Amino acid sequence: MQVALLGHTGFLGKNVADALTQAGIAFAGASRGNGVDLRSVEQTADFLRNTCPDVVLHCAAHVGSFNYVTENASAVMLDNSRMALSVYEAMAQVCPQAIIVHPLANCVFPANAETMSEETWQDGPVHSTVLPFAATRRLAWAAGESFAQSHGIRSISLLVPNMYGPHDSTDPNQTAALDALISRFLTARRTGQPVVIWGSGAAIREWIFAPDLARIMVEICLNPQNSGLQHPLNVAQNTGLSIRELAGMIQRIVGYDGAVHYDLAKPDGVLKKVMDDTRFRQVFPDFKFTDFEQGIATTVAYYKELL
C-alpha cells in the first residue's frame with residue numbers, strides 16, 4: 001500500500017505520520033516545507049506521480065485561532081479552496097483510482113446545531129465567525145462528489161470535533177482553542193498573572209485528541225472498503241465538557257493556583273455542541289478514545305517542553 005500524506009508537517013499531519021509509523025505503514029509526505037505547494041496543480045500532480053498512492057490522506061489546511069481567521073479571512077478562504085480543488089484535479093490527472101480521506105471540521109454544521117448528526121450537516125448556513133474556513137470544508141466535500149461523478153475518485157469524509165494534542169503550534173494565533181488554553185495556563189503559572197477566559201464557562205463543547213483521529217485515519221487506510229464510509233461520518237463521542245470543567249481540569253494538571261477570571265462581556269455562543277455518535281459506533285464499534293484527562297496530561301507535557 002502506497003500512502004500520500006498531505007500536510008505532513010502540520011498539527012494533524014504530524015500525528016498521522018506518527019500513527020502510520022507505529023502501524024508500520026510507509027508514506028510520502030507533501031508540504032511547502034519539502035517543496036510541494038498543494039495550491040499548485042502542477043506541483044501536486046508531480047508529487048502524486050512520483051508517489052503512485054493507493055490512499056491520499058489530506059491533512060493540509062490554512063487555519064488558526066478565531067482572531068487569526070477573522071483577520072486573514074480572504075487568505076484562509078483562498079488557500080483552502082485552492083488546495084481542495086488542486087488536489088482533486090491532480091488526482092484526476094495522475095491517480096484517479098486512489099482513495100482520498102478528507103477530515104472536515106465540525107464548523108461545517110449549521111450555526112444553530114446543538115447535537116450534530118450526519119443527516120443535518122448541510123441544513124443551514126454556517127456561523128459567520130467560521131465562514132472563511134467552514135465554507136472551504138463544504139467545498140471540499142462538493143469537489144469530492146463532483147470528481148467522483150466525472151473521474152470515479154472515491155472520497156471518505158470525516159466530520160471531526162475540535163482537536164487538541166501534541167504537535168500543535170506554540171503561536172497563539174495558530175493554535176487550536178484547547179491547546180491555546182493549556183498554553184495560557186502554563187504561561188500564567190510561570191508569570192503569576194491571572195487566566196482570563198471568554199464567557200461564563202457554561203458552554204459545552206466536544207473535543208478529540210489528535211492522535212485518536214490519526215489512529216482512525218490509519219484504520220481507514222487498512223480497511224477502506226468498510227461499508228459505513230460511503231457518506232460523511234462523524235468522528236464522535238456524543239459527549240463534551242463545559243469550558244469551566246475543562247479549565248478546572250487543566251488548572252489542576254498544570255498545577256496553577258492563581259486566579260481564573262471569566263469575562264462575562266464575551267458571549268458563550270450556543271450552549272451545547274456535541275456530535276451524534278450513532279453511525280460512528282456502527283462503523284468503528286471497538287474504537288476506544290483516549291481518556292480526556294490522559295489526553296490533557298499528554299498535551300500539557302508536550303507544551304511544558306516547548307514553553
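A residue is called buried here if its relative accessible area is under 20%, exposed if over 50%, and partly exposed in between, with a 1.4 Å probe and protein chains only. By that measure, 53% of the 307 residues of the protein count as buried. The structure is a predicted model, in which local features need pLDDT of at least 70 and side-chain atom pairs count only at pLDDT 80 or more, while totals for chains, interfaces and linings use all residues. Residues are numbered from 1 along each chain as its sequence is written, and side-chain values use heavy atoms, with hydrogens and water left out.

The overall dimensions make a convenient starting point. Taken along the principal axes, the C-alpha atoms of the protein fill a box of roughly 55 × 40 × 40 Å. The radius of gyration (taken over C-alpha atoms, with a globule rule of 2.2 Å times the number of residues to the power 0.38) is 19 Å, which agrees with the value near 19 Å for a compact globule of 307 residues. The protein has 10 helices and 14 strands; these are DSSP runs numbered from the N terminus, helices being H or I of at least four residues and strands E of at least two.

Turning to the sheets, strands are taken to pair if DSSP finds at least two bridges between them. In general, strands of a sheet pair through backbone hydrogen bonds, either parallel or antiparallel. One open sheet here has four strands in the order 5-14-9-12, with mixed pairing. Its edges are strand 5 (115-116) and strand 12 (241-242), each of which has a single partner strand, so one side of each is left without a neighbour in the sheet. Strand 5 pairs with strand 14 (residues 272-275) in the parallel sense, over two bridges, and Met116 has Met275 of strand 14 as its bridge partner.

A parallel pairing also links strand 8 (residues 195-198) to strand 13 (residues 260-263), here over four bridges. Within this pair, Trp198 stands opposite Asp263 of strand 13. In a regular strand the side chains alternate between the two faces of the sheet. Strand 8 shows such alternation: Val195 and Ile197 point to one face and are buried, whereas Val196 and Trp198 point to the other and are not.

Two loop residues deserve a look for their backbone angles. His167 has a positive phi of about 80 degrees although it is not a glycine. The residue lies in the loop between strand 7 (162-164) and helix 6 (177-191), and His167 is partly exposed, with a relative accessible area of 25%. Asn238, not a glycine either, has a positive phi of about 60 degrees. Its place is in the loop between strand 11 (233-234) and strand 12, and at 37% relative accessibility Asn238 is partly exposed.

The cysteines can be described briefly. With a disulfide defined as a pair of cysteine sulfur atoms within 2.5 Å, the count comes to zero. The sulfur of Cys59 has its closest cysteine sulfur in Cys221, 9.4 Å away, which is too far for a bond. Cys59 is buried at 11% relative accessibility, and Cys221 is buried at 3%.

Empty space completes the picture. Rolling a probe the size of a water molecule over the atoms shows where such space is left. On a 1 Å grid over the protein atoms alone, a cavity is a set of points where a 1.4 Å probe fits but cannot get out, a pocket is an open set with protein on both sides within 12 Å along at least five of seven lines, and lining residues have an atom within 4 Å of a point. Grid points are joined across faces, edges and corners, and a volume is the space filled by probe spheres set on the points. The count comes to one cavity of 30 Å³ or more, and the largest cavity has a volume of about 60 Å³. Its lining includes Trp141, Glu145, Ser155 and His231. Helix 5 (131-151) and strand 6 (154-160) each supply at least two lining residues, with the largest share, three residues, coming from helix 5. For residue classes, Ala, Val, Leu, Ile, Met, Phe, Trp, Tyr, Cys and Pro count as nonpolar, Asp, Glu, Lys and Arg as charged, and the others, Gly among them, as polar. The lining of the largest cavity has three nonpolar, five polar and one charged residues.

The second largest pocket holds about 160 Å³ of space. Of the 14 residues that line this pocket, Trp207, Gln237, Thr239, Gly240 and Phe292 are the closest to its centre. Strand 10 (residues 207-209) gives the most to the lining, with three residues.
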